[in-house]
Amino acid sequence: MAGHATSDGYTELGIGLISVGWMGKLHSRAYQAIPMVYPELKVRPRLVHAADSAPDRADYAQEVLGYAKGSTDYRAVLEDPAVDVVSICAPNLLHREIGIAAARAGKPFWIEKPVGRDAVDTGAVAEAARAAGVVTSIGYNYRHAPAVERIREVIANGDLGRITNVRAVFFNGYASEPNGALSWRFKKDLAGTGALGDLLSHVVDLVQYVVGPITDVNALLSTVHQQRPILPMGSGTHFAVIENGELGDVENDDYVGALVRFAADGPGAGAVGTLEASRVIVGPQCGLGFEIYGTEGSAIWNFEQMNELRLCLGRGGPAHADHGYTTILGNASLGDYGQFQPGPGHSMSYDDLKVIEARKFLVAVGGGEQRNSTIAEALADAEVIAATAASAGDGAWHKVAPVPGATFGHA
Ligand SMILES: NC(=O)c1ccc[n+]([C@@H]2O[C@H](COP(=O)([O-])OP(=O)(O)OC[C@H]3O[C@@H](n4cnc5c(N)ncnc54)[C@H](O)[C@@H]3O)[C@@H](O)[C@H]2O)c1
């Protein structure tokens, strides 16, 4: 494993952070939680160097998050010999440049989704990581929810029978306010697509992880709010609302709807489905969820009730009075729940998913089981997003380019 052994039997790992926004803070909290939540790993992350182009954020990383050094140039983090692994939490535009630089510096990296603005960017990072042989992990955090891990097992065991159809959505209202700031997310050259890359990419990761690879897509896009008030980079959050500000154009999609087919082999062999995402929806706030139907049962989950799994097992038949859904609350036999809480029914949180993600990354860095989302899986996701964008452009069905090595842990 990278890092160095301590006299008390731990491995100390020097953590580098690039970009100290929402995700940068979250990655930092996740590393700090590792020795307490997973003491058996015997890994002690040390926050050694953080960079952000906004000087106040580099200062914040030192003063509040506890990094030993702060810089305004990310290269200083990659050149720092005390940095063993890196978190890349920059806006999508920079993922390609920074991901390639991290690979060339030989640093294993945990990078935020969707890894670049499009499949070309993701492919370039994947190629650099493959050439350098560095471990990668992607910020597809929702797959770590204990209920999601359980649904994945139930499908793999065949308990739902043959999977027939899937409905999955990410309805997130972060841009539902028309005066919500025009952050980098709304600009094509900075973010790439809109709800498609930002939100549908999470849906695609979830269903590919739980059900299997998507092979064909037909889709449409729409932009609901065409202009928004301008927000300088590195100020505010993407939830900021600006009254009477100068307006700029929204350059990408607010909504995407897609019909998909799943691969003919694997857990979801031959299934079909609908995927949708919106960033301007009114009502749902972080409504990432799915319904998965099979010939012998079905499963339902939504992040807004992250700790609840709804399962219907067996067909029951018309005369069965008690047939229907059972609601199962989080408990120690689901995923990593038991690492956080000893008793059932205690809610886990979004932060906890990032702690699980940090665990999967660090285990993979140490040569252990590979249950993290890899750069190959991010590329498989980006290829679905590319096929979706292409279909929205010409209205035709598009094939998804297969990605060797994207196993979603099924192989
Ligand atoms: N996994 C998830 O659920 C999830 C949620 C939100 C965001 N994300 C992803 O995380 C990434 C970051 O999003 P965020 O919400 O944290 O953004 P943010 O706007 O909160 O932070 C981005 C930071 O990058 C900094 N930055 C800009 N240019 C830089 C440069 N050249 N060098 C170093 N830093 C620079 C900015 O100053 C800012 O501090 C995006 O790829 C986004 O898609 C993932």
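**Close-up views of a predicted model**

**View 1. A salt bridge between Glu12 and Arg46.** Glu12 pairs with Arg46 in a salt bridge whose closest N and O atoms are 2.9 Å apart. Glu12 belongs to strand E2 (residues 11-18) and Arg46 to strand E3 (residues 43-51), so the pair ties together parts that are 34 residues apart in sequence. The two partners can be told apart by their relative accessible areas: Glu12 is buried, at 16%, while Arg46 is partly exposed, at 37%. The structure shown is a predicted model, and 25 salt bridges are found in it. Side chains of opposite charge can pair when their charged atoms come close.

**View 2. A salt bridge between Asp198 and Lys113.** In this pair, the closest N and O atoms of Asp198 and Lys113 are 3.0 Å apart. Asp198 sits in helix H8, and Lys113 in the loop between strand E6 (109-111) and helix H5 (119-132); the two residues are 85 residues apart, and their salt bridge links distant parts of the chain. Asp198 has a relative accessibility of 12% and counts as buried. Lys113 is buried as well, with a relative accessible area of 10%. Both values fall under the 20% limit for a buried residue.

**View 3. A salt bridge between Arg143 and Glu377, with a separate network.** Arg143 and Glu377 form a salt bridge, with 2.8 Å between the closest N and O atoms. Arg143 is found in the loop between strand E7 (136-138) and helix H6 (146-156), and Glu377 in helix H11, so this pair ties together parts that are 234 residues apart in sequence. Arg143 and Glu377 are both buried. Elsewhere, Asp73, Arg75 and Glu97 are joined into one network by salt bridges that share partners.

**View 4. Helix H11 and the residue that follows.** Helix H11 covers residues 375-394, 20 residues in total. From the first C-alpha of H11 to its last is 29 Å, close to the 28 Å expected at 1.5 Å a residue. Of the 20 residues of H11, 14 are buried, so the helix is largely enclosed by the rest of the structure. Gly395, just after H11, takes a positive phi of about 80°.

**View 5. Polar contacts of the ligand.** Tyr350 places a polar side-chain atom 2.7 Å from an oxygen atom of the ligand. Trp22 contributes a polar backbone atom, which is 3.0 Å from a ligand oxygen. For His202, an N or O atom in the side chain is 3.4 Å from an oxygen atom of the ligand. Taken alone, the ligand exposes 850 Å², and 91% of that is buried by the protein.

**View 6. The shell of residues around the ligand.** There are 28 residues around the ligand, and those that come nearest are Ser19, Asp52, Asn92, Asn141 and Tyr350. Sorted by class, the shell has 12 nonpolar, 9 polar and 7 charged residues. Helix H4 gives the most to the shell, with 3 residues.

Definitions and conventions
Residues numbered from 1 in each chain as written. Predicted model: local features only at pLDDT ≥ 70, side-chain atom pairs only at ≥ 80, totals over all residues. Heavy atoms only, no water. Near = heavy atom within 4 Å. Polar contact = N/O pair within 3.5 Å; in protein donor to acceptor, adjacent residues only side chain to side chain. Areas by Shrake-Rupley, 256 points an atom, 1.4 Å probe, with all protein chains shown as cover. Helix = DSSP H or I, 4+ residues; strand = E, 2+ residues; numbered from the N terminus. Nonpolar A, V, L, I, M, F, W, Y, C, P; charged D, E, K, R; others polar. Expected span 1.5 Å × (residues − 1). Buried < 20%, exposed > 50% of the residue type's maximum accessible area, 1.4 Å probe, protein only. Salt bridge = Lys/Arg side-chain N within 4 Å of Asp/Glu carboxyl O.
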